[in-house]
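Hi,

Here is the structure I promised to pass on to you. Have a look at it first, and then read my notes below.

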Amino acid sequence: MKITEEQITKLRDLLAQPGRNIVIVAHTNPDGDAVGSSLAWAAILRNMGHSVTCVVPNKYPYFLDWMPGIEEVVIFKTDTERRAERAIEAADTIFCLDFNAVSRLEILSETIERNTSAVRVLIDHHLAPAPGFDLMFSYPEESSTCFVVYSIIEALCGTDAITRRMAEALYVGMMTDTGNFAFSYLTPELFRAVAVLVERGISIPAIHNSVYNAYTEGRARLFGYAINRKMELIEDGTVAYMSLLESEMRRFQFQQGDSEGFVNYALTIKKVKMSAMFLAHRKFIRVSLRSRGDVDVNLFARRYFNGGGHHNAAGGKSYDTMQQTIDRYVRAVREFAEEGLLG
Ligand code: 5GP
Ligand code: MN
């Protein structure tokens with residue numbers, strides 16, 4: 001990752017005077033990378049003498065509850081004391097982590113937009129970052145924002161500044177965004193970073209266990225139901241989709257985060273090149289897309305579901321009914337195939 005001297009100088013100048021009022025925001029439906037990068041970056045900034053508040057639009061999944069320091073993250077949606085709003089109003093610096101456009105903050109966007117005076121810094125790895133940031137660390141060729149944060153720390157103050165707690169937080173994002181080091185963008189530099197985190201004393205098996213083996217019984221049974229009863233294959237078995245209605249989710253005591261990984265599972269089938277998951281919410285259907293190799297789901301999400309993301313992992317939304325959403329997907333897949341975009 002090429003972090004230029006100019007970027008680091010700007011960041012160093014920005015942080016030179018202690019006592020800045022900083023807010024760190026991460027994306028809606030915060031995942032391990034969003035939370036991990038926020039916690040580690042917050043800790044570094046606090047050690048430099050700044051005052052930091054981490055804010056997320058809504059709750060992170062329960063299997064991240066164990067992360068040290070996560071209780072300090074303010075959840076905007078349920079923040080009855082208006083801590084997030086007050087911190088954002090008072091902020092002179094806003095770091096935007098693990099998303100590429102303020103609109104991705106959804107219910108939190110407006111509050112962030114209202115503060116027009118704060119310096120805005122983007123630290124992210126999604127494609128197509130929006131304009132409007134004063135300083136950008138945008139690396140779509142990197143596997144996680146946690147790895148970007150690690151590299152910024154390395155360039156800014158050296159990795160000796162990374163404590164065990166920070167290392168744990170950073171590892172969570174590196175591990176989850178790479179599907180436990182199985183997806184693309186696995187560079188030698190990433191593994192060198194992991195080696196440094198291990199030197200800081202993290203336990204990889206313990207972190208793995210805390211994140212991946214911490215689900216409820218309901219989640220395990222919902223998974224079985226979703227694969228057995230709701231997974232459909234089209235295009236001669238090369239494209240998959242799955243849907244869950246609110247009534248089905250209720251039956252298995254669904255909690256946010258329970259469907260994590262379902263969309264990836266269809267890709268364990270050798271022939272499947274692309275997979276979708278349609279998850280009903282009160283006001284819309286959340287669309288998750290995954291693909292193998294050349295199939296570009298970022299393009300697919302932009303074109304058909306008003307979304308985006310990465311080449312092999314993207315998402316979007318649908319305001320139609322479940323059946324209309326599925327019909328649209330099936331038609332879109334056909335069109336994609338006819339254009340030769342399904343390989
Ligand atoms: P997930 O399926 O895990 O929710 O999201 C996969 C990827 O797609 C993530 O990198 C996420 O940021 C991106 N993504 C998900 N939903 C949307 C959306 O509505 N708009 C955009 N631009 N990206 C999305
Ligand atoms: Mn990420």
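**What I found**

D98 and H125 are both buried. One thing to keep in mind from the start is that this is a predicted model. I'll begin with those two residues, then move on to the aromatic rings, the domains and a couple of single residues.

**The manganese site**

Which residues hold the manganese ion (ligand 2)? Its protein donors are D33 (OD), D98 (OD), H125 (NE2) and D177 (OD), and they lie 2.2 to 2.3 Å from the ion. If you want to find them along the chain, look for the spacing D-x64-D-x26-H-x51-D. D98 and H125 are 27 residues apart, and the pair links distant parts of the chain. D98 sits in the loop between β4 (93-97) and α4 (109-114), while H125 is in the loop between β5 (119-124) and β6 (135-138).

H125 is worth a closer look. Its relative accessibility is 2%, so it counts as buried, the cut-off being under 20%. A polar atom of the H125 side chain lies 3.0 Å from the backbone oxygen of E142. That side chain also reaches the backbone nitrogen of S144, at 3.5 Å. What else does H125 contact, leaving aside its neighbours within four places in sequence? The list is D33, D98, Y139, P140, E142, S143, S144, T145, D177 and H310. Among these are D33, D98 and D177, which you will recognise as donors of the manganese ion (ligand 2).

**Aromatic rings**

How many aromatic pairs are there? The count comes to 19. Take F181 and F191: their ring centres are 5.7 Å apart and the planes are at 40°, so this pair is tilted. F181 is in the loop between α6 (164-177) and α7 (188-199), F191 is in helix α7, and 10 residues separate them. F181 counts as buried because its relative accessibility is 18%, whereas F191 is partly exposed with a relative accessible area of 41%.

Another pair is Y241 with Y329, which is edge-to-face, with 5.7 Å from centre to centre and 75° between the planes. Y241 belongs to strand β8 (residues 239-244) and Y329 to helix α13 (residues 322-338), so the pair ties together parts 88 residues apart in sequence. Are these two tyrosines buried or exposed? Y241 counts as buried at 12% relative accessibility, and Y329 counts as buried at 0%. Both tyrosines belong to one aromatic cluster, which is made up of Y241, F278, F300, Y304, F305, Y329 and F336.

Some rings also have a charge over them. The charged end of R251 sits over the ring of Y225, 4.9 Å from the ring centre. K317 lies over the face of F284, with 4.6 Å to the centre of that ring.

**Two domains**

The protein chain is divided into domain 1 (5-211) and domain 2 (217-338). Taken over C-alpha atoms, the domain centres are 27 Å apart. The contact between them takes 15 residues from domain 1 and 16 residues from domain 2.

**Two more residues to click on**

M166 is in helix α6. With a relative accessible area of 3%, M166 is buried. Which residues does M166 touch, not counting those up to four places away in sequence? They are A40, A43, I44, N47 and A161. You can also compare M166 with S38: they are 128 residues apart along the chain, and their C-alpha atoms are separated by 9.9 Å.

T238 is in the loop between β7 (232-234) and β8. It counts as buried, at 17% relative accessibility. The T238 side chain reaches the backbone oxygen of E235 at 2.7 Å. Not counting residues up to four places away in sequence, T238 touches K271, V272, K273 and M274.

If you only have a few minutes, start with the manganese ion (ligand 2) and its donors D33, D98, H125 and D177. After that, go to the aromatic cluster that includes Y241 and Y329.

Cheers

Terms used: Residues are numbered from 1 along each chain as its sequence is written. Chains are lettered from A and ligands numbered from 1 in the order in which they are written. This is a predicted model: local features need pLDDT of at least 70, side-chain atom pairs count only at pLDDT 80 or more; totals for chains, interfaces and linings use all residues. Side-chain values use heavy atoms; hydrogens and water are left out. Donors are N, O and S atoms within 2.8 Å of the metal (3.2 Å for Na, K and Ca); water is not among the atoms, so sites may look incomplete. Helices (H or I, at least four residues) and strands (E, at least two) are DSSP runs, numbered from the N terminus. Buried means under 20% relative accessible area, exposed over 50%, partly exposed in between (1.4 Å probe, protein chains only). A polar contact is a pair of N or O atoms within 3.5 Å; within protein, one must be able to donate a hydrogen and the other to accept it, and residues adjacent in sequence count only if both atoms are side-chain atoms. Contact means heavy atoms within 4.5 Å. Rings of Phe, Tyr and Trp (its six-membered ring) pair if their centres lie within 6.5 Å; planes under 30 degrees apart count as stacked, over 60 as edge-to-face and the rest as tilted. A charge sits over a ring if NZ of Lys or CZ of Arg is within 6 Å of the ring centre and within 35 degrees of the ring normal. Domain bounds come from an automatic or database domain assignment.
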